[in-house]
Amino acid sequence: MNITEIINKVLSTPNAAFFYTPPIYGKSDSYLFLKPKEIVTIKSLRNLDEKLNRIDEFVAKGLYGYSLMNYEAGYLFEKTLNKYLPKNENLIQFFFYDKKNVQIIKSSEIDFVALEKYKIKNFKLNITKSEFTKSIRKIKSYIEEGDTYQVNYTIKGKFDFEGSYSSLFSNLVFNQSAQYIALINNNDRIIISLSPEMFFEVKGRKIRSKPMKGT
C-alpha cells in the first residue's frame, strides 16, 4: 500500500484517521481507521458522567478507537475552572471502530512513492514582534512572583496551501523523524500531528509515559 492511497482514503472519509510510526523505531505497525461505529462528543458538564461511562463500555467491548481532547477539556474536571469552559466547542471526542474497519499495516510495507508538488506561501505568524516580547515579559514576571514555574507558550503560523496533502505529509515525516504521527479527518478540519512525545502506554499493571518540556 502506498502513502498516497492511504491519505486519499482518510481525506475522502469523514472521521477517518491514520496513525503512523516510522520503521526506524523498530518493528512498528501503523493504523488506518475508517467509518466509526460510535462517536462520543463532550461539549460541557451536561451528562459528563454518563458519557464517560459510555466510553468505558466501548473500551470494555474491545472496540478500537482514538480521542481528540482540547487543552480546555481540563476545565471539565476542576470545579474552580468550570467558569472558563468555552461554549459550544468539542472539548473531547472519542471515535470507536469495529475491528473490520481498522487496518493494521506494517510500517515497513508502506511505500512512499514519488509524489506531486505542493506550495506553501504567504506564511505569517499571528502576532507581531512587539506582542511576542510583551508576552515573554509577562511570563517572566509570573515566574518571578511565584505564580507559575513553567509556561508552554505557543503561537500560530498561518499560510496558503496548494497541491498534494500526500506530499506535505511525506515531507513532514522525513524532515521531523517523529515517532508518533497522525493524519485525522475531523469533518470540518484536517489535523496533521507529528510528535516525539508518548502521552502514556498501558501494559498490564504498568503505565509508561514519555513526555517532554519537564511535564
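Helices and strands here are DSSP runs, numbered from the N terminus, with at least four residues for a helix and at least two for a strand. With that in hand, we can begin at one small spot: T21 sits in the loop between β1 and β2, the latter covering residues 29–33. Please keep in mind that this is a predicted model.

Let us stay with T21 for a moment. T21 is buried, because its relative accessible area is 16% and buried means under 20%. Its side chain reaches the backbone oxygen of Q179 at 3.4 Å. Setting aside residues up to four places away in sequence, T21 touches S28, D29, S30, S107 and Q179.

One of those partners, S107, is a good next stop. S107 is found in the loop between β6 (102–106) and β7. With a relative accessibility of 1%, S107 counts as buried. Its side chain makes a polar contact with the side chain of S30, at 2.8 Å. Beyond its neighbours within four places in sequence, S107 is in contact with Y20, T21, P23, S28, D29 and S30.

Now step back and take in the whole protein. The fold has 4 helices and 12 strands. Its C-alpha trace spans about 55 × 45 × 35 Å along the principal axes. The protein has 215 residues, and 27% of them count as buried. The accessible surface comes to about 15000 Å², with 51% of that belonging to carbon and sulfur atoms. If you take contacts between residues at least 6 apart in sequence, 66% of them join residues at least 24 apart.

What lies inside? The largest nonpolar core has 16 residues, and F18, L32, I110 and F169 are those with the most contacts inside it. Four elements each supply at least two residues of this core: α1 (3–11), β1 (17–20), α4 (165–176) and β9 (180–185). The largest share, 4 residues, comes from α1. Another core lies apart from this one, with 13 residues that include V40, F58, L63 and F96.

I110 gives a closer view of the largest core, being among the residues with the most contacts inside it. Leaving aside its neighbours within four places in sequence, I110 is in contact with M1, I3, I6, F18, Y20, S30 and I105. S30 may look familiar, as T21 touches it too.

Helix α1 is also home to L11. L11 is partly exposed, with a relative accessible area of 27%. Outside its neighbours within four places in sequence, L11 is in contact with Y165, N185 and I190. The C-alpha atoms of L11 and L183 are separated by 8.9 Å, although the two residues are 172 residues apart along the chain.

Next, turn to the outside. A nonpolar patch on the surface is formed by I120, F123, L125, F132, I155 and F159, which together have about 540 Å² of accessible area. Strand β7, residues 118–125, gives the most to this patch, with 3 residues. F123 has its place in strand β7. F123 is exposed, because its relative accessible area is 54% and exposed means over 50%.

Finally, look at the charged side chains. Side chains of opposite charge can pair when their charged atoms come close. A search of the whole structure finds 4 salt bridges, and three of them are worth visiting here. In one, D98 pairs with K37, and the closest N and O atoms are 3.7 Å apart. D98 lies in the loop between β5 (92–97) and β6, while K37 lies in the loop between β2 and β3 (38–42), so this pair ties together parts that are 61 residues apart in sequence. D98 is partly exposed, with a relative accessible area of 21%.

In another, R54 forms a salt bridge with E38, again with the closest N and O atoms 3.7 Å apart. R54 belongs to helix α2 (residues 48–60) and E38 to strand β3, so the pair ties together parts that are 16 residues apart in sequence. R54 counts as partly exposed at 28% relative accessibility, and E38 counts as partly exposed at 25%.

The last stop is the salt bridge between E201 and R208, where the closest N and O atoms are 2.8 Å apart. E201 is partly exposed, with a relative accessible area of 24%, and R208 counts as partly exposed at 43% relative accessibility.

Technical notes: Residues numbered from 1 in each chain as written. Predicted model: local features only at pLDDT ≥ 70, side-chain atom pairs only at ≥ 80, totals over all residues. Heavy atoms only, no water. Core = buried A, V, L, I, M, F, W, Y, C linked by side-chain atoms within 4.5 Å. Buried < 20%, exposed > 50% of the residue type's maximum accessible area, 1.4 Å probe, protein only. Contact = heavy atoms within 4.5 Å. Patch = residues over 30% accessible without salt bridge, like charges linked within 9 Å, V, L, I, M, F, W, Y side chains within 5 Å. Areas by Shrake-Rupley, 256 points an atom, 1.4 Å probe, with all protein chains shown as cover. Salt bridge = Lys/Arg side-chain N within 4 Å of Asp/Glu carboxyl O. Polar contact = N/O pair within 3.5 Å; in protein donor to acceptor, adjacent residues only side chain to side chain.
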